[in-house]
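Subject: The structure I mentioned

Hi there,

Here is the structure I promised to pass along. Have a look at it when you get a moment, and then read on for my notes.

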Amino acid sequence: MPVFVVQKHKATALHYDFRLEIAGVLKSWVIPKGPSMDSDIKRLAIETDDHNLSYRFFEGDIPKGSYGAGEVIIWDKGNYEIYKDNESPQTPEESYKSGKIEFILYGKKLKGRFVLVKTDMPGKNKNWLLIKRHDKYITGEDILKKKPGSVISLRRID
Ligand code: MN
């Protein structure tokens, strides 16, 4: 199964970098408000540069003067798979190209079905929305507040 990672990153502004392994790279989205486990909440996810697969292991400090300077923690990680039904594309790459990725996360914090869907706002072609699909994992709790730290260390960014 392909991998995913969510890196919490305190650069100029705190945000979450959501990355899915697609076609040999980490396709990446900046989620300013972070993911939610509430299916009523849509979170803006702005597509950004692809990252090398090995970047999923990065936790630490991006030095001053470098792009994105500040602290990074691995907020969640795990595997994912495309949610398959009869209508939707069957591979990560086809899903990505279609502008709608229906997937299941097997993370330590994020679990179950989600969709990333490209918006059609004019001039905003990098804008997608991340939405939790309805399943047994939805919760009214704010997972960002409840589980703020790293999943691989004791580091946290508050
Ligand atoms: Mn970032």
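Below is what I found, going from the metal site through the strands to a few single residues. Please keep in mind that this is a predicted model.

**The metal site**

Let me begin with the manganese ion. Which residues hold it? The manganese ion is coordinated by His9 through ND1, His15 through NE2 and Asp17 through OD, at 2.1 to 2.3 Å. Along the chain, the donors of the manganese ion follow the spacing H-x5-H-x1-D. Both His9 and Asp17 are buried.

Asp17 also has a charged partner: its side chain meets that of Arg19 in a salt bridge, at 3.7 Å from N to O. Asp17 counts as buried because its relative accessible area is 6%, and Arg19 is likewise buried, at 4% relative accessibility.

**Strand S1 and its partners**

Strand S1 covers residues 3–10. Since 7 of the 8 residues of S1 are buried, the strand is largely enclosed by the rest of the structure. S1 pairs with two strands that I would like to point out.

- Strand S6 (residues 70–82) pairs with S1 in the antiparallel sense, over 8 bridges. Lys8 has Ile73 as its bridge partner in S6.
- Strand S2 (residues 14–22) runs antiparallel to S1, and 7 bridges join the two. Lys10 has Leu14 as its bridge partner in S2, and a hairpin through 3 residues joins S1 to S2.

Val3 lies in S1 and is buried, at 15% relative accessibility. Leaving aside neighbours within four places in sequence, Val3 is in contact with Arg19, Leu20, Glu21, Leu26, Leu53, Arg56, Gly78, Asn79 and Tyr80. Arg19, from the salt bridge with Asp17, is therefore one of the residues in contact with Val3. Val3 and Tyr106 are 103 residues apart along the chain, and their C-alpha atoms are separated by 9.1 Å.

**Salt bridges**

How many salt bridges does the structure hold? There are 10 salt bridges, and two more of them deserve a mention beside the one at Asp17.

Arg155 forms a salt bridge with Asp61, with the closest N and O atoms 3.5 Å apart. This pair links distant parts of the chain: Arg155 sits in the segment after helix H2 (143–146) and Asp61 in strand S5 (residues 60–62), 94 residues apart. Arg155 is partly exposed, at 30% relative accessibility, while Asp61 is exposed, with a relative accessible area of 52%.

The side chains of Arg113 and Glu102 meet in another salt bridge, at 3.2 Å from N to O. Here the link is between Arg113 in strand S8 (residues 111–118) and Glu102 in strand S7 (residues 100–107), 11 residues apart. Glu102 is buried, with a relative accessible area of 8%. Arg113 and Glu102 also belong to a network of salt bridges together with Lys100 and Arg133.

**Arg43, a buried charge**

Now to a residue you may want to see for yourself. Arg43 lies in strand S4 (residues 42–51). Arg43 is buried yet has no salt bridge, and the nearest side chain of opposite charge, Asp142, is 6.1 Å away. What does the side chain of Arg43 reach? The side chain reaches the backbone oxygen of Lys33 at 3.2 Å and the backbone oxygen of Gly34 at 2.9 Å. Beyond its neighbours within four places in sequence, Arg43 has contacts that include Ile31, Pro35, Ser36, Trp128 and Leu144.

**Two more residues**

Ile41 is found in the loop between strand S3 (25–31) and S4. With a relative accessible area of 28%, Ile41 is partly exposed. Outside its neighbours within four places in sequence, Ile41 is in contact with Ser36, Leu130 and Ile131. Ile41 and Leu116 are 75 residues apart in sequence and 13 Å apart in space, C-alpha to C-alpha.

Ser95 is found in helix H1 (residues 92–98). Is Ser95 buried or exposed? Ser95 counts as buried, because its relative accessibility is 2%. Again setting aside neighbours within four places in sequence, Ser95 is in contact with Ile82, Pro89, Lys100 and Ile101. Among these, Lys100 is part of the salt-bridge network described above.

Happy viewing, and best wishes!

Note on methods. Residues numbered from 1 in each chain as written. Predicted model: local features only at pLDDT ≥ 70, side-chain atom pairs only at ≥ 80, totals over all residues. Heavy atoms only, no water. Helix = DSSP H or I, 4+ residues; strand = E, 2+ residues; numbered from the N terminus. Buried < 20%, exposed > 50% of the residue type's maximum accessible area, 1.4 Å probe, protein only. Lys, Arg positive; Asp, Glu negative; His and termini not counted. Salt bridge = Lys/Arg side-chain N within 4 Å of Asp/Glu carboxyl O. Polar contact = N/O pair within 3.5 Å; in protein donor to acceptor, adjacent residues only side chain to side chain. Contact = heavy atoms within 4.5 Å. Donors = N, O, S within 2.8 Å, 3.2 Å for Na, K, Ca; no water. Pairing = 2+ DSSP bridges.
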